[in-house]
Amino acid sequence: MYLAIPAKVTKIDGEMATIDVGGVTRSASLMLLTDVAVGDYVIVHAGFAIHKVDPEEAQESLKLLRELATAE
Amino acid sequence: MTMKHIDEYRDAELSRKMVDKIKTISRKKVRLMGVCGTHTMAIFRSGIKALLPETITLLSGPGCPVCVTAQREIDAFIKLAGIQNVIVATFGDLLRVPGAHSSLQKERAEGKEVRIVYSAFDALELARKNPQKEVVFLGVGFETTAPTIAASLIEAEKRNLKNFCVLSAHKLVPPALTVLMKAEGVKIDGFICPGHVSVIIGSGAYLPVVEKYHIPCVVSGFEPADILQAIYMLVKQLEAGDAKLENEYGRAVTFEGNEKARQIMYQVFEPADAPWRGIGTIPGSGLKIRKEFDSFNAKKKFDLSVPDSKEPKGCACGEILMGLKTPPECPLYKKVCTPGHPVSPCMVSTEGTCAAYYKYHT
Ligand code: SF4
């Protein structure tokens, strides 16, 4: 039910955004978020952006997973 | 954050290494419960269960929103579809769920207006396009979905859409965890907490459960590497005798959660007692529409009382949702109850434990 893939915001028109989910264009409401800008990555649930992904945090968590997996 | 980074969370090599790490530290026999339908699906699809050492038992708790919807709520949805001039708008996974005598799918086949929507806003759009009809949206889901439905009500009010309303059957996750901890016979050593519910409520919402019941809780994402990492964190805590709250899904979940979404949710809804399939009524575990929004409340607009129907005889859904049984221990599993002829939503929804077992368990 939940889309784990973050979507990229490509256009904003009032409270609606055009998003790109792995190449597919959709629209999503921004009513549940503050401070979203074009170029941001958001997590979308049932047509609503519910979280703005911090790209650094995303990289960081991935790095952490890798380190944990390889640490002796 | 590109697609490449998503693929990395699915990396088989990464998963294998994590399984090795879990095996290295796991000594005690532990029972870990995932409280998210999407976790259930990911765990089965990726074969994580079979990779884990024998010391670890993975259970799927009450985390599939359709599965926890009570029989009488389903019956009310079906009654609604039978009311003249009503268009029922719903997420697709409710369609095949059997009520006492019918399902929304059957009603639709008989000509009733039941429409599948992807978002609560699609339902608003339906109302706008059908001014002579009453569009009723079925509010099923946890804290992730409830704010989206609340937003649609606020929008409906703003646009003065008088032919739109919601039948709220939402459920809240933390009260269910408390009930599990108190239930007799239930043995759970750690919770894998739902990723996107936590986006809204924040990882901090589990702190009372952690502290009161001294049970480790780890919020997890949905990719196999996320779930394995959460399992590793839980096992590590349990081996050390700890009971802490940890967050594996830092790229989406903060301690505070999404305050704006919660504010919108509570502007429209207030906590109420709610019936859970197979578990019973849990105090404060649901959401009812506030008085100020009475004109958008389907329960106020229509008589939706239904006879108090029993849940299907023999169905072990409740015990499965509480981690007391596995689907093969249900006498109806595979014999009477199959995805083609489901007895209960746990066999209907792709996120249901029985459906996942049926599909992936050999
Ligand atoms: S197999 Fe069917 S009847 Fe048995 S618990 Fe699962 S859904 Fe219920």
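Colleague: Where in chain A is A:A46 found?
Modeller: A:A46 lies in the loop between β4 (41-45) and β5 (48-53) of chain A. Strands are DSSP runs of E with at least two residues, helices are runs of H or I with at least four, and both are numbered from the N terminus. This is a predicted model, in which local features need pLDDT of at least 70 and side-chain atom pairs count only at pLDDT 80 or more, while totals for chains, interfaces and linings use all residues. Residues are numbered from 1 along each chain as its sequence is written, chains are lettered from A and ligands numbered from 1 in the order in which they are written, and side-chain values use heavy atoms, leaving out hydrogens and water.

Colleague: Why is A:A46 called buried?
Modeller: Its relative accessible area is 11%. Buried means under 20%, exposed over 50%, and partly exposed in between, using a 1.4 Å probe and protein chains only. A:A46 therefore counts as buried.

Colleague: What is notable about the phi of A:A46?
Modeller: Its phi is positive, at about 45°, although A:A46 is not a glycine. Most residues other than glycine have a negative phi.

Colleague: And what makes B:N85 partly exposed?
Modeller: B:N85 has a relative accessible area of 45%, so it belongs to the partly exposed class. This residue sits in the loop between α5 (71-81) and β3 (86-90) of chain B, and its phi is also positive, near 80°.

Colleague: How do you know that B:C64 and B:C67 form a disulfide?
Modeller: Their sulfur atoms are 2.3 Å apart, and a disulfide is a pair of cysteine sulfur atoms within 2.5 Å. The link has 70° about the S-S bond and is right-handed. Both cysteines are buried. By this rule, the count over all chains is one.

Colleague: Why is B:C217 not bonded to B:C193?
Modeller: The closest cysteine sulfur to that of B:C217 is in B:C193, at 4.1 Å, which is too far for a bond. B:C217 is buried too, with a relative accessible area of 0%.

Colleague: What can you tell me about helix α12 of chain B, residues 224-240?
Modeller: The expected span of a helix is 1.5 Å times one less than its number of residues. For the 17 residues of α12 that gives 24 Å, and the end C-alpha atoms are 24 Å apart, so the two agree. Since 14 of its 17 residues are buried, α12(B) is largely enclosed by the rest of the structure. Just after this helix, B:G241 takes a positive phi of about 75°.

Colleague: Which residues are closest to the ligand?
Modeller: They are B:C315, B:A316, B:C330, B:C337 and B:C354, from a shell of 13 residues. A residue is near a molecule if one of its heavy atoms lies within 4 Å of it.

Colleague: How does that shell divide into nonpolar, polar and charged residues?
Modeller: Twelve are nonpolar, one is polar and none is charged. Ala, Val, Leu, Ile, Met, Phe, Trp, Tyr, Cys and Pro count as nonpolar, Asp, Glu, Lys and Arg as charged, and the others, Gly among them, as polar.

Colleague: Why is B:C354 called buried?
Modeller: Its relative accessible area is 8%, so B:C354 counts as buried. B:C354 lies in helix α16 (residues 353-360) of chain B. B:C354 and B:A316 are 38 residues apart in sequence, with 9.9 Å between their C-alpha atoms.
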